[in-house]
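Trainee: I keep tripping over the words people use for structures. Could we go through one together, with me asking how you know each thing?

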There are 2 protein chains.
Amino acid sequence: MANLQISSRFTMAIHIFACIDTFEKDHKITSEFLAESGNVNPVIIRRLLGQLKAAGLIEVKRGSGGASIAKPLENITFLDVYRAVDCVENGELFHFHENPNRKCPVGRNIHRVLDEKLRRVQEAMEREMEQITLADVIRDTRECIQSDPAN
Amino acid sequence: MANLQISSRFTMAIHIFACIDTFEKDHKITSEFLAESGNVNPVIIRRLLGQLKAAGLIEVKRGSGGASIAKPLENITFLDVYRAVDCVENGELFHFHENPNRKCPVGRNIHRVLDEKLRRVQEAMEREMEQITLADVIRDTRECIQSDPAN
DNA sequence: CAGAATTGTAACCGTTGACATTACATTATG
DNA sequence: CATAATGTAATGTCAACGGTTACAATTCTG
């Protein structure tokens with residue numbers, strides 16, 4: 001009876017940015033390279049890069065290969081990434097049961113009653129996502145790596 | 001490339017409460033009756049009622065039949081209902097990619113970096129859900145029904 | 001107390017989306 | 001041109017959802 005979550009595409013996308021920032025000095029950032037760090041198939045990475053590119057967050061070179069970050073890190077928020085990778089249907093976090101009975105006064109009005117409330121919840125979440133940027137992620141990643149005894 | 005949302009179990013559960021409040025004076029509230037208003041199969045309703053009962057939000061009479069609301073409406077929040085119907089795996093809104101490469105400094109640390117930030121986002125959403133109660137829903141439902149020309 | 005109504009659940013189905021994988025056309029570069 | 005990469009289509013597996021049938025367990029009523 002357990003259920004669904006926001007796709008791992010989102011966390012994987014953040015992972016990609018962290019990798020690019022960490023390694024772009026020393027490696028060419030190919031889908032192969034990113035796939036190894038994330039432990040997923042390169043095609044998964046390419047599809048994600050495609051979405052991030054379409055959103056203007058990443059640049060990818062065909063042929064020669066290599067991905068890079070298209071904007072200053074502090075100008076990319078979690079919300080930007082979340083929207084880019086298209087985690088929820090139509091941008092709607094909540095799924096409505098489709099066909100309430102229109103002959104029932106409640107069935108006929110439930111949508112109107114709930115929509116505004118569900119929007120409030122979704123907006124609260126999105127507002128928080130706007131407060132967190134990739135600069136925060138990179139700062140903490142560097143810190144973690146530096147204090148990591150395995151290095 | 002479109003994706004998933006929080007289960008319609010959540011909105012259907014709210015619908016159930018609205019129905020009970022609206023009709024309990026005039027009808028016995030059976031799973032059959034609720035199924036008709038929501039336009040779903042009675043078994044779907046029974047499963048939901050089971051979850052809401054387990055959470056102490058609803059009382060259901062076996063045999064004789066009939067569901068009723070177990071607590072004052074203003075003491076039941078969206079978060080209570082959301083948790084009751086178990087919409088996300090382990091209560092975690094975000095799904096992590098499972099096996100980042102532990103040989104990679106980023107793969108090894110990404111979880112530590114993101115967990116706290118994802119929790120912030122989830123908490124923002126849950127805080128908002130705590131602010132909305134079934135009393136709000138019922139108030140607006142009554143209002144909608146009264147101003148509904150179809151009545 | 002027998003019959004009717006209802007709940008609780010198990011079992012199974014079809015559909016959908018996620019993630020995985022293979023394959024290959026396309027593109028850039030030395 | 002040969003090489004290395006990206007972009008993408010096609011296909012497969014798996015899990016969860018919502019749907020449905022079936023039926024035992026429970027309660028009430030005549």
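Mentor: Sure, let's start with helix H2 (residues 31–38) of chain B, where Ser31(B), Leu34(B), Ala35(B), Ser37(B) and Gly38(B) are buried. This is a predicted model, where local features need pLDDT of at least 70 and side-chain atom pairs count only at pLDDT 80 or more, while totals for chains, interfaces and linings use all residues. Residues are numbered from 1 along each chain as its sequence is written, chains are lettered from A in the order in which they are written, and side-chain values use heavy atoms, with hydrogens and water left out.

Trainee: What makes a residue of H2(B) buried or exposed?

Mentor: Buried means under 20% relative accessible area, exposed means over 50%, and partly exposed is in between (1.4 Å probe, protein chains only). Glu32(B) and Glu36(B) are exposed, on the face of H2(B) turned away from its buried side.

Trainee: How do you know that the buried residues of H2(B) line one face?

Mentor: Look down the axis of H2(B): its buried residues fall within an arc of 165°, so they line one face of the helix. The arc is that of the directions from the helix axis to the C-beta atoms.

Trainee: And what covers the buried residues of H2(B)?

Mentor: The cover includes H5 of chain A, plus helix H1 (8–23) and helix H3 (42–54) of chain B.

Trainee: Ile14(B) is in helix H1 of chain B. Why does Ile14(B) count as buried?

Mentor: Its relative accessibility is 0%, so Ile14(B) counts as buried. Leaving aside neighbours within four places in sequence, Ile14(B) is in contact (heavy atoms within 4.5 Å) with Leu114(A), Phe78(B), Val81(B), Leu134(B) and Val137(B). The C-alpha atoms of Ile14(B) and Val81(B) are separated by 7.6 Å, though these residues are 67 apart along the chain.

Trainee: Why is H5(A) called oblique to H6(B)?

Mentor: Helix H5 (residues 105–131) of chain A and helix H6 (residues 134–146) of chain B pack at about 125°, with their axes 9 Å apart. That makes H5(A) oblique to H6(B). Angles under 35 degrees count as roughly parallel, over 145 as roughly antiparallel, 65 to 115 as roughly perpendicular, and the rest as oblique.

Trainee: Which kinds of residues make the contact of H5(A) with H6(B)?

Mentor: They divide into seven nonpolar, two polar and five charged. Here Ala, Val, Leu, Ile, Met, Phe, Trp, Tyr, Cys and Pro count as nonpolar, Asp, Glu, Lys and Arg as charged, and the others, Gly among them, as polar.

How values were computed: Axes are lines fitted to C-alpha atoms, for helices over the stretch in contact, and angles run from 0 to 180 degrees between N-to-C directions. Helices (H or I, at least four residues) and strands (E, at least two) are DSSP runs, numbered from the N terminus.
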